[in-house]
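Ready for some practice with a protein structure? Keep the picture open beside you and work through each exercise before reading its solution.

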Amino acid sequence: MDFLQMFGADIESALKKQGIVTPTDIQNTVMPLIEEGKDVLACSETGTGKTLSYLLPLFKGIDKTNKNPQCLVLAPTHELAAQIHNQLKLLNSNLPAESRIESALLIGGANITRQLEAIKQKPRILVGSSGRILELVEMKKLSLHFVKKIVLDEADRLLKDNFIGDVSAVIKKTQKDRQLLMFSASIHDDDRNRAAVFSELVFIDLRKCMIPDTIEHIYIVCELRNKFETLRKLLHTRGVEKAIVFVNSPYHINAVCEKLNFHKIKSAPIYGEVKKAERAQAAADFASGRINVLVASDLVSRGLDVKGVTHIINLDFPNRTEDYIHRAGRCGRMGTRGVSASIVIPAEIEKLKKCGRQLKIEFSEKAVDFGKLV
């Protein structure tokens with residue numbers, strides 16, 4: 001059956017309005033397994049269409065005669081949860097009223113009164129953080145008894161110690177015959193072992209390489225005292241239209257932003273300690289083009305999906321290889337071109353090259369000269 005037709009005429013039309021006609025590899029592989037009722041652990045590079053690969057089967061499997069929550073999507077960050085919920089809202093906006101599926105976003109740090117009101121609207125799909133959902137269940141404001149499908153997006157993080165307790169508690173609130181779906185861009189043996197505690201999952205690994213080959217990887221060497229000046233010059237080079245600058249320490253992010261804005265480079269900070277509303281505003285301003293630089297911690301390397309990001313810039317090289325994967329994956333999405341640039345001091349070159357060997361990618365050394373990378 002044709003990819004679009006398998007979901008019915010209404011969803012076929014809605015997807016065409018989004019310009020979606022042909023499935024990606026992950027969608028082609030995973031959706032039939034979900035339709036068969038299999039529990040799945042799926043891994044593919046960032047920007048390959050994982051979100052729709054589970055949202056479309058969720059939509060199709062909803063029983064509209066049952067007004068209880070039937071599907072639950074858990075995410076490790078508020079930004080990623082909001083991104084998933086926005087994809088649901090976009091899909092709904094392109095559907096006729098009678099085909100729409102109600103959803104609710106339930107995340108910590110947000111107004112719980114509004115979330116209680118949203119629950120009263122009888123959403124069939126819940127998207128959110130495990131902590132807030134567990135809190136609402138324990139308040140007896142939310143029941144997960146009718147949940148048939150649970151999705152863990154960025155499962156490698158949700159299976160870590162700081163999340164797995166709440167995630168496990170949420171899963172235990174659902175029926176034993178629920179379907180469990182896990183997705184991520186990076187899965188390690190430890191993650192698979194932890195996932196196996198919940199279910200016998202079909203493991204799908206479609207990573208041709210850890211990072212899409214549409215991304216060019218470059219590095220610029222300078223002394224520590226010259227890092228900001230190198231960043232400023234890099235942001236002024238031709239082709240840098242929308243960039244995310246990553247800084248390892250949240251305490252340095254505001255200082256970098258202040259310097260960029262002083263030099264007339266419109267930027268905003270986004271990291272865990274920034275209030276949720278301010279993070280949302282920064283992301284919205286970045287997406288709309290009101291600012292063209294975000295200065296971020298690794299918080300957004302998992303949760304921000306903005307079209308048109310041309311450059312990722314590591315002002316601080318990441319400490320973990322998997323963080324490089326998720327940072328770089330914010331550009332070069334769905335077949336577009338992107339550049340991941342790292343500004344490093346001489347002592348960091350070996351760490352960078354070790355990362356390249358592990359990921360099987362080649363870093364090219366560049367310099368900034370008269371507004372060009374040479």
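Contact here means heavy atoms within 4.5 Å. Keep in mind that this is a predicted model.

**Exercise 1.** Find out which residues Phe 183 touches, leaving aside residues up to four places away in sequence.

*Solution.* Start with the lower residue numbers: Phe 183 touches Val 30, Ile 34, Ala 42, Lys 50, Ser 53 and Tyr 54, among others. Then move further along the chain, where its contacts include Val 151, Leu 152, Asp 153, Glu 154 and Ala 155.

**Exercise 2.** Place Phe 183 in the largest nonpolar core, and work out which element gives the largest share of that core.

*Solution.* A general idea helps to begin with: in soluble globular proteins, nonpolar side chains tend to be buried together. In this model the largest nonpolar core has 36 residues. Phe 183 belongs to the group that touches the most other members, together with Tyr 54, Leu 56, Leu 58, Phe 59, Ile 84 and Ile 125. Next, look at the elements: those giving two or more residues to this core include helix 1 (9-17), helix 2 (25-35), strand 4 (125-128) and strand 6 (179-184). The largest share, six residues, is supplied by helix 3. There is also a second, separate core of 31 residues, with Ile 119, Leu 134, Leu 142 and Leu 158 among them.

**Exercise 3.** Describe how helix 3 (residues 50-61) and helix 4 (residues 78-93) cross.

*Solution.* Two packed helices are described by the angle between their axes and the distance between the axes. For helix 3 and helix 4, the axes come within 11 Å and cross at roughly 55 degrees. Angles of 65 to 115 degrees would count as roughly perpendicular and those under 35 as roughly parallel; helix 3 and helix 4 are therefore oblique to each other. Their crossing is right-handed. Now list the partners: from helix 3 come Thr 51, Leu 52, Tyr 54, Leu 55, Leu 56 and Phe 59, and these meet Ile 84, Gln 87, Leu 88, Leu 91 and Asn 92 in helix 4. Sorted by type, the residues of this contact are eight nonpolar, three polar and no charged.

**Exercise 4.** Are Glu 154 and Lys 360 buried or exposed?

*Solution.* Take Glu 154, which sits in the loop between strand 5 (149-153) and helix 7 (155-158). Its phi is positive, about 60 degrees, although Glu 154 is not a glycine. Buried means under 20% relative accessible area, so Glu 154, at 6%, is buried. Lys 360 lies in the loop between helix 15 (349-359) and strand 14 (364-365). Lys 360 also has a positive phi, near 60 degrees. With 73% relative accessibility, Lys 360 counts as exposed.

Conventions:
Residues numbered from 1 in each chain as written. Predicted model: local features only at pLDDT ≥ 70, side-chain atom pairs only at ≥ 80, totals over all residues. Heavy atoms only, no water. Axes fitted to C-alpha atoms, helices over the stretch in contact; angles between N-to-C directions. Helix = DSSP H or I, 4+ residues; strand = E, 2+ residues; numbered from the N terminus. Parallel < 35°, antiparallel > 145°, perpendicular 65-115°, else oblique. Left-handed = near helix turned anticlockwise from the far one by under 90°. Nonpolar A, V, L, I, M, F, W, Y, C, P; charged D, E, K, R; others polar. Core = buried A, V, L, I, M, F, W, Y, C linked by side-chain atoms within 4.5 Å. Buried < 20%, exposed > 50% of the residue type's maximum accessible area, 1.4 Å probe, protein only.
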